[in-house]
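Visitor: I should like to understand how the terms used for a protein model are justified. Would you please take me through some of them?

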Amino acid sequence: MRRITRIATVGIASAALALSATACGGKSSSEQSGSDDKGGKAAIAYDIGGRGDQSFNDAAFAGLEKAEKELDIEGNDAEPSEGEGDPDKIQRLTALARAGNNPVIGVGFAYAPAIAEVAPKFPKTTFGLIDDTSKTGPNIANLVFNEEQGSYLAGVAAAKVTKTNTVGFIGGVETPLIKKFEAGFVQGVKDTKKGVNVKVQYLTQPPDFGGFSKPDLGKAVAQGQLDAGADVIYAAAGLAGSGSIEATAKAGKWAIGVDSDQYNQKGLAAYKDQILTSVTKNVSGAVFNLIKSVQDGKPQTGEVRYGLEDEGVALSRSNPAFTKMTDVIAAVDKAKADIAAGKIKVKTAP
(Lines give C-alpha, C1' and ligand atoms only; values in the text may rest on other atoms or scores of the structure.)
Protein backbone atom coordinates (compact mmCIF):
# COMPACT_ATOMS: atom_id res chain seq x y z
CA MET A 1 0.00 0.00 0.00
CA ARG A 2 1.32 3.43 -0.91
CA ARG A 3 2.21 5.62 2.04
CA ILE A 4 0.51 9.01 2.11
CA THR A 5 2.24 11.52 4.36
CA ARG A 6 0.30 14.39 5.84
CA ILE A 7 1.54 17.84 4.82
CA ALA A 8 3.10 19.61 7.79
CA THR A 9 2.83 23.37 8.10
CA VAL A 10 5.83 25.31 9.38
CA GLY A 11 4.98 28.15 11.78
CA ILE A 12 4.97 31.65 10.33
CA ALA A 13 6.11 33.73 13.28
CA SER A 14 9.71 34.87 13.15
CA ALA A 15 10.34 33.79 16.71
CA ALA A 16 9.09 30.28 16.00
CA LEU A 17 11.22 30.11 12.88
CA ALA A 18 14.28 31.19 14.78
CA LEU A 19 13.62 28.53 17.41
CA SER A 20 13.18 25.77 14.83
CA ALA A 21 16.35 26.91 13.10
CA THR A 22 18.39 26.32 16.26
CA ALA A 23 16.75 23.06 17.32
CA CYS A 24 18.69 20.73 15.02
CA GLY A 25 21.42 19.39 17.24
CA GLY A 26 23.59 22.50 17.18
CA LYS A 27 25.16 21.89 13.76
CA SER A 28 26.23 24.85 11.67
CA SER A 29 24.57 25.70 8.35
CA SER A 30 27.47 24.31 6.36
CA GLU A 31 27.38 21.06 8.32
CA GLN A 32 23.63 20.60 8.09
CA SER A 33 23.12 20.18 4.35
CA GLY A 34 19.80 18.35 4.39
CA SER A 35 21.25 15.76 2.00
CA ASP A 36 20.86 12.73 4.28
CA ASP A 37 17.22 12.40 3.17
CA LYS A 38 17.85 12.66 -0.57
CA GLY A 39 14.38 13.29 -1.96
CA GLY A 40 12.82 12.07 1.29
CA LYS A 41 11.57 15.48 2.38
CA ALA A 42 10.66 18.53 0.32
CA ALA A 43 9.26 21.92 1.23
CA ILE A 44 7.64 24.95 -0.32
CA ALA A 45 7.46 28.43 1.20
CA TYR A 46 4.39 30.31 -0.01
CA ASP A 47 4.15 33.71 -1.61
CA ILE A 48 1.84 36.52 -0.44
CA GLY A 49 -1.70 35.24 -0.04
CA GLY A 50 -0.56 31.80 1.08
CA ARG A 51 -2.23 28.49 0.52
CA GLY A 52 -5.88 28.79 -0.39
CA ASP A 53 -5.45 31.63 -2.87
CA GLN A 54 -7.16 29.51 -5.57
CA SER A 55 -4.31 30.46 -7.88
CA PHE A 56 -0.50 30.66 -7.72
CA ASN A 57 0.22 29.21 -4.27
CA ASP A 58 -2.38 26.48 -4.63
CA ALA A 59 -0.72 25.42 -7.90
CA ALA A 60 2.59 25.02 -6.06
CA PHE A 61 0.88 23.02 -3.32
CA ALA A 62 -0.65 20.73 -5.94
CA GLY A 63 2.85 19.89 -7.16
CA LEU A 64 4.02 19.12 -3.64
CA GLU A 65 0.94 17.00 -2.99
CA LYS A 66 1.54 15.07 -6.22
CA ALA A 67 5.14 14.42 -5.15
CA GLU A 68 3.91 13.08 -1.81
CA LYS A 69 1.61 10.63 -3.54
CA GLU A 70 3.80 9.55 -6.46
CA LEU A 71 7.33 9.86 -5.08
CA ASP A 72 6.58 8.80 -1.50
CA ILE A 73 8.20 11.90 -0.03
CA GLU A 74 7.26 13.89 3.06
CA GLY A 75 5.98 17.32 2.13
CA ASN A 76 6.23 20.44 4.26
CA ASP A 77 4.86 23.92 3.58
CA ALA A 78 5.33 27.29 5.23
CA GLU A 79 3.03 30.30 5.21
CA PRO A 80 4.11 33.93 4.87
CA SER A 81 3.38 36.47 7.60
CA GLU A 82 1.65 39.79 7.07
CA GLY A 83 4.00 42.58 6.04
CA GLU A 84 7.11 40.44 6.33
CA GLY A 85 10.53 41.36 4.99
CA ASP A 86 13.56 39.51 3.69
CA PRO A 87 14.82 38.57 7.21
CA ASP A 88 11.59 36.62 7.79
CA LYS A 89 12.02 34.76 4.51
CA ILE A 90 15.67 34.03 5.31
CA GLN A 91 14.68 32.53 8.66
CA ARG A 92 11.92 30.48 7.03
CA LEU A 93 14.14 29.02 4.32
CA THR A 94 16.93 28.36 6.83
CA ALA A 95 14.55 26.47 9.10
CA LEU A 96 13.24 24.37 6.21
CA ALA A 97 16.74 23.52 4.98
CA ARG A 98 18.02 22.66 8.46
CA ALA A 99 15.02 20.37 8.93
CA GLY A 100 16.36 18.22 6.08
CA ASN A 101 14.05 19.29 3.28
CA ASN A 102 15.58 18.94 -0.17
CA PRO A 103 14.56 20.73 -2.29
CA VAL A 104 13.36 23.92 -0.60
CA ILE A 105 11.24 25.99 -2.98
CA GLY A 106 10.42 29.68 -2.68
CA VAL A 107 7.09 30.35 -4.38
CA GLY A 108 7.48 33.74 -6.07
CA PHE A 109 10.06 36.35 -7.00
CA ALA A 110 9.89 37.88 -3.52
CA TYR A 111 12.07 35.00 -2.30
CA ALA A 112 14.99 35.93 -4.58
CA PRO A 113 17.06 37.90 -2.01
CA ALA A 114 16.45 35.30 0.70
CA ILE A 115 17.45 32.36 -1.50
CA ALA A 116 20.58 34.21 -2.59
CA GLU A 117 21.46 34.56 1.11
CA VAL A 118 20.56 31.05 2.26
CA ALA A 119 21.53 28.78 -0.65
CA PRO A 120 25.34 29.17 -0.28
CA LYS A 121 25.06 28.04 3.35
CA PHE A 122 23.45 24.74 2.31
CA PRO A 123 25.48 23.68 -0.75
CA LYS A 124 24.06 20.14 -0.82
CA THR A 125 20.46 21.33 -0.74
CA THR A 126 18.70 22.39 -3.93
CA PHE A 127 16.69 25.61 -3.78
CA GLY A 128 13.89 26.33 -6.23
CA LEU A 129 13.05 29.92 -7.06
CA ILE A 130 9.80 30.39 -8.97
CA ASP A 131 9.33 33.35 -11.31
CA ASP A 132 12.79 34.87 -10.95
CA THR A 133 16.18 34.59 -12.68
CA SER A 134 17.94 37.49 -10.95
CA LYS A 135 19.62 35.29 -8.33
CA THR A 136 21.56 32.26 -9.49
CA GLY A 137 23.92 29.71 -7.98
CA PRO A 138 25.16 26.14 -8.36
CA ASN A 139 22.32 24.81 -6.21
CA ILE A 140 19.55 27.17 -7.35
CA ALA A 141 16.93 26.20 -9.95
CA ASN A 142 15.15 29.19 -11.48
CA LEU A 143 11.69 27.96 -12.48
CA VAL A 144 10.26 30.49 -14.92
CA PHE A 145 7.42 30.74 -17.44
CA ASN A 146 6.49 32.55 -20.64
CA GLU A 147 3.46 34.20 -19.06
CA GLU A 148 3.16 36.66 -21.92
CA GLN A 149 2.41 33.82 -24.35
CA GLY A 150 -0.55 32.47 -22.41
CA SER A 151 -1.76 36.02 -21.82
CA TYR A 152 -1.65 36.70 -25.57
CA LEU A 153 -4.06 33.80 -26.09
CA ALA A 154 -6.31 35.25 -23.37
CA GLY A 155 -6.26 38.54 -25.27
CA VAL A 156 -7.32 36.77 -28.44
CA ALA A 157 -10.24 35.16 -26.62
CA ALA A 158 -11.25 38.42 -24.94
CA ALA A 159 -11.25 40.31 -28.24
CA LYS A 160 -13.38 37.63 -29.87
CA VAL A 161 -16.06 37.54 -27.16
CA THR A 162 -16.38 41.21 -26.16
CA LYS A 163 -19.61 42.86 -27.21
CA THR A 164 -18.85 46.29 -25.79
CA ASN A 165 -15.36 46.53 -27.31
CA THR A 166 -14.06 47.24 -23.81
CA VAL A 167 -12.07 44.74 -21.76
CA GLY A 168 -10.07 45.01 -18.56
CA PHE A 169 -6.74 43.90 -17.13
CA ILE A 170 -6.09 43.99 -13.38
CA GLY A 171 -2.58 43.47 -12.05
CA GLY A 172 -1.95 42.76 -8.39
CA VAL A 173 1.28 44.76 -8.10
CA GLU A 174 3.01 46.69 -10.86
CA THR A 175 6.17 44.60 -11.20
CA PRO A 176 8.05 43.47 -14.33
CA LEU A 177 6.57 39.99 -13.92
CA ILE A 178 2.95 41.14 -13.87
CA LYS A 179 3.61 43.59 -16.69
CA LYS A 180 4.47 40.52 -18.81
CA PHE A 181 0.87 39.39 -18.31
CA GLU A 182 -0.38 42.84 -19.26
CA ALA A 183 1.84 43.08 -22.34
CA GLY A 184 0.77 39.73 -23.76
CA PHE A 185 -2.91 40.33 -23.07
CA VAL A 186 -3.03 43.80 -24.61
CA GLN A 187 -1.09 42.63 -27.67
CA GLY A 188 -3.41 39.67 -28.14
CA VAL A 189 -6.47 41.92 -27.95
CA LYS A 190 -5.09 44.54 -30.35
CA ASP A 191 -3.81 41.98 -32.88
CA THR A 192 -7.21 40.30 -32.97
CA LYS A 193 -9.62 43.21 -33.07
CA LYS A 194 -8.71 46.79 -33.76
CA GLY A 195 -10.43 49.45 -31.71
CA VAL A 196 -11.00 47.43 -28.54
CA ASN A 197 -10.31 49.55 -25.47
CA VAL A 198 -8.19 47.77 -22.83
CA LYS A 199 -8.50 49.27 -19.37
CA VAL A 200 -5.40 48.53 -17.29
CA GLN A 201 -5.19 49.03 -13.54
CA TYR A 202 -2.81 47.85 -10.81
CA LEU A 203 -3.93 47.38 -7.22
CA THR A 204 -0.71 48.46 -5.48
CA GLN A 205 2.80 49.65 -6.27
CA PRO A 206 6.05 48.21 -4.87
CA PRO A 207 7.13 48.06 -2.11
CA ASP A 208 3.49 47.48 -1.17
CA PHE A 209 2.76 43.92 -2.33
CA GLY A 210 -0.63 43.79 -0.67
CA GLY A 211 -2.28 43.89 -4.08
CA PHE A 212 -1.78 40.14 -4.28
CA SER A 213 -3.74 39.45 -1.10
CA LYS A 214 -6.78 41.75 -1.03
CA PRO A 215 -9.91 40.26 -2.63
CA ASP A 216 -12.02 43.28 -1.65
CA LEU A 217 -9.67 45.60 -3.55
CA GLY A 218 -9.74 43.32 -6.59
CA LYS A 219 -13.53 43.31 -6.43
CA ALA A 220 -13.75 47.10 -6.21
CA VAL A 221 -11.40 47.69 -9.15
CA ALA A 222 -13.23 45.12 -11.27
CA GLN A 223 -16.53 46.82 -10.46
CA GLY A 224 -15.06 50.10 -11.63
CA GLN A 225 -14.04 48.54 -14.94
CA LEU A 226 -17.46 46.95 -15.34
CA ASP A 227 -19.14 50.28 -14.68
CA ALA A 228 -16.93 51.74 -17.44
CA GLY A 229 -18.24 49.20 -19.93
CA ALA A 230 -15.83 46.26 -19.68
CA ASP A 231 -17.47 42.91 -20.35
CA VAL A 232 -14.33 40.74 -20.08
CA ILE A 233 -11.81 41.13 -17.23
CA TYR A 234 -8.48 39.33 -16.88
CA ALA A 235 -6.86 39.58 -13.45
CA ALA A 236 -3.29 38.56 -12.65
CA ALA A 237 -3.52 39.37 -8.96
CA GLY A 238 -3.20 36.23 -6.85
CA LEU A 239 -5.79 36.06 -4.06
CA ALA A 240 -7.11 39.51 -5.03
CA GLY A 241 -8.10 38.03 -8.37
CA SER A 242 -10.86 36.06 -6.67
CA GLY A 243 -12.55 39.35 -5.81
CA SER A 244 -12.34 40.40 -9.45
CA ILE A 245 -13.90 37.11 -10.54
CA GLU A 246 -16.72 37.52 -8.02
CA ALA A 247 -17.62 41.00 -9.23
CA THR A 248 -17.39 40.06 -12.89
CA ALA A 249 -19.45 36.91 -12.50
CA LYS A 250 -22.17 38.64 -10.51
CA ALA A 251 -22.44 41.19 -13.32
CA GLY A 252 -22.96 38.37 -15.81
CA LYS A 253 -19.74 39.22 -17.66
CA TRP A 254 -16.73 37.08 -18.53
CA ALA A 255 -13.80 36.62 -16.16
CA ILE A 256 -10.45 35.17 -17.22
CA GLY A 257 -8.53 33.41 -14.47
CA VAL A 258 -4.81 33.02 -13.94
CA ASP A 259 -2.11 30.53 -12.89
CA SER A 260 -4.49 27.70 -11.89
CA ASP A 261 -7.52 26.58 -13.89
CA GLN A 262 -9.85 28.71 -11.80
CA TYR A 263 -12.97 27.16 -13.32
CA ASN A 264 -12.11 24.06 -11.29
CA GLN A 265 -11.22 25.79 -8.02
CA LYS A 266 -13.68 24.81 -5.29
CA GLY A 267 -13.49 28.23 -3.66
CA LEU A 268 -14.74 29.83 -6.89
CA ALA A 269 -17.43 27.26 -7.70
CA ALA A 270 -20.23 29.81 -7.31
CA TYR A 271 -18.76 31.85 -10.17
CA LYS A 272 -17.42 29.13 -12.45
CA ASP A 273 -20.01 29.55 -15.20
CA GLN A 274 -18.64 33.05 -15.86
CA ILE A 275 -14.98 32.02 -15.83
CA LEU A 276 -14.47 31.85 -19.57
CA THR A 277 -10.96 30.40 -19.35
CA SER A 278 -7.73 30.74 -17.38
CA VAL A 279 -4.14 31.43 -18.31
CA THR A 280 -2.51 28.49 -16.59
CA LYS A 281 1.11 28.18 -15.53
CA ASN A 282 2.28 24.66 -14.82
CA VAL A 283 3.67 25.65 -11.44
CA SER A 284 2.56 22.29 -10.05
CA GLY A 285 4.54 20.48 -12.75
CA ALA A 286 7.60 22.64 -12.14
CA VAL A 287 7.49 21.90 -8.40
CA PHE A 288 7.01 18.17 -9.01
CA ASN A 289 9.79 18.00 -11.61
CA LEU A 290 12.27 19.72 -9.31
CA ILE A 291 11.46 17.38 -6.43
CA LYS A 292 11.78 14.36 -8.71
CA SER A 293 15.11 15.58 -10.10
CA VAL A 294 16.51 15.75 -6.57
CA GLN A 295 15.13 12.33 -5.73
CA ASP A 296 16.71 10.93 -8.91
CA GLY A 297 20.09 12.35 -7.91
CA LYS A 298 20.18 14.78 -10.85
CA PRO A 299 18.87 18.03 -9.37
CA GLN A 300 17.84 20.76 -11.77
CA THR A 301 19.88 23.95 -11.63
CA GLY A 302 19.94 27.21 -13.54
CA GLU A 303 17.08 28.46 -15.67
CA VAL A 304 14.28 25.95 -16.24
CA ARG A 305 11.78 27.61 -18.56
CA TYR A 306 8.23 26.54 -19.40
CA GLY A 307 6.25 27.85 -22.39
CA LEU A 308 3.44 27.07 -24.80
CA GLU A 309 5.40 24.32 -26.56
CA ASP A 310 5.46 22.11 -23.46
CA GLU A 311 2.14 23.26 -21.97
CA GLY A 312 4.11 25.16 -19.35
CA VAL A 313 1.65 27.95 -20.05
CA ALA A 314 -1.73 27.38 -21.67
CA LEU A 315 -5.31 28.53 -21.96
CA SER A 316 -7.68 26.20 -20.13
CA ARG A 317 -10.78 24.74 -21.76
CA SER A 318 -12.71 23.46 -18.77
CA ASN A 319 -15.76 25.66 -19.26
CA PRO A 320 -18.08 23.93 -21.78
CA ALA A 321 -19.39 27.34 -22.84
CA PHE A 322 -15.88 28.25 -24.00
CA THR A 323 -15.31 25.05 -25.96
CA LYS A 324 -18.59 25.60 -27.80
CA MET A 325 -17.28 28.90 -29.16
CA THR A 326 -15.70 27.26 -32.21
CA ASP A 327 -14.64 30.52 -33.84
CA VAL A 328 -12.91 31.64 -30.64
CA ILE A 329 -11.17 28.29 -30.21
CA ALA A 330 -10.03 28.39 -33.84
CA ALA A 331 -8.56 31.87 -33.36
CA VAL A 332 -6.77 30.79 -30.16
CA ASP A 333 -5.36 27.68 -31.84
CA LYS A 334 -4.09 29.70 -34.80
CA ALA A 335 -2.42 32.21 -32.50
CA LYS A 336 -0.79 29.41 -30.53
CA ALA A 337 0.56 27.85 -33.74
CA ASP A 338 1.82 31.21 -34.98
CA ILE A 339 3.65 31.87 -31.70
CA ALA A 340 5.24 28.42 -31.84
CA ALA A 341 6.30 29.02 -35.46
CA GLY A 342 7.79 32.39 -34.64
CA LYS A 343 5.26 34.28 -36.75
CA ILE A 344 4.06 36.15 -33.69
CA LYS A 345 6.60 37.68 -31.32
CA VAL A 346 4.91 38.35 -28.01
CA LYS A 347 6.10 41.37 -26.07
CA THR A 348 7.32 40.96 -22.48
CA ALA A 349 6.71 44.61 -21.56
CA PRO A 350 3.92 47.05 -22.47
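**Helix α6 and its surroundings**

Guide: In this predicted model, helix α6 has these buried residues: Leu177, Ile178, Lys180, Phe181, Glu182, Ala183, Gly184, Phe185, Gln187, Gly188 and Val189.

Visitor: What makes a residue such as Leu177 in α6 count as buried?

Guide: The word buried requires a relative accessible area under 20%. Leu177 is listed as buried in α6, so its value lies under that cut-off.

Visitor: How do you know that the span of α6 agrees with what is expected of its 17 residues?

Guide: The expected span is 1.5 Å times one less than the number of residues. For the 17 residues of α6 this should give 24 Å, and the end C-alpha atoms are 24 Å apart; therefore the two agree.

Visitor: Which space does α6 help to line as the giver of the largest share?

Guide: One such space is the second largest pocket, where α6 supplies 3 residues of the lining. Strand β6 (140-145) also supplies at least two. The pocket holds about 240 Å³ and is lined by 13 residues, with Asp131, Asp132, Thr133, Leu177 and Lys180 nearest its centre.

Visitor: Why is the largest cavity called a cavity and not a pocket?

Guide: A cavity is a set of points where a 1.4 Å probe fits but cannot get out, whereas a pocket is an open set. The space of about 170 Å³ is classed as a cavity, so the probe fits there but cannot get out. The count comes to 1 cavity of 30 Å³ or more.

Visitor: What lines the largest cavity?

Guide: The lining has 19 residues, and Phe56, Ile178, Phe212, Gly238 and Asp259 lie nearest the centre. By class, 11 are nonpolar, 3 polar and 5 charged. Helix α6 gives the most to this lining, with 3 residues, while α2, α6 and β10 (254-259) each supply at least two.

Visitor: How do you know that strands β2 and β3 pair?

Guide: Pairing needs at least two bridges. Strand β2 (residues 41-45) and β3 are joined by 5 bridges and run parallel, so they pair. One of the partners in β3 is asparagine 76, which is bridged to alanine 43.

Visitor: What makes β3 mostly covered?

Guide: Of the 5 residues in strand β3 (residues 74-78), 4 are buried.

Visitor: Which unit do β2, helix α2 and β3 make?

Guide: With helix α2 (residues 56-71), the strands β2 and β3 make a right-handed β-α-β unit.

Definitions and conventions:
Residues numbered from 1 in each chain as written. Predicted model: local features only at pLDDT ≥ 70, side-chain atom pairs only at ≥ 80, totals over all residues. Heavy atoms only, no water. 1 Å grid on protein atoms, 1.4 Å probe; cavity = no way out; pocket = protein on both sides within 12 Å on 5 of 7 lines; lining within 4 Å. Points joined across faces, edges and corners; volume = space filled by probe spheres on them. Buried < 20%, exposed > 50% of the residue type's maximum accessible area, 1.4 Å probe, protein only. Right-handed = clockwise from strand over helix to strand, strands pointing away. Nonpolar A, V, L, I, M, F, W, Y, C, P; charged D, E, K, R; others polar.
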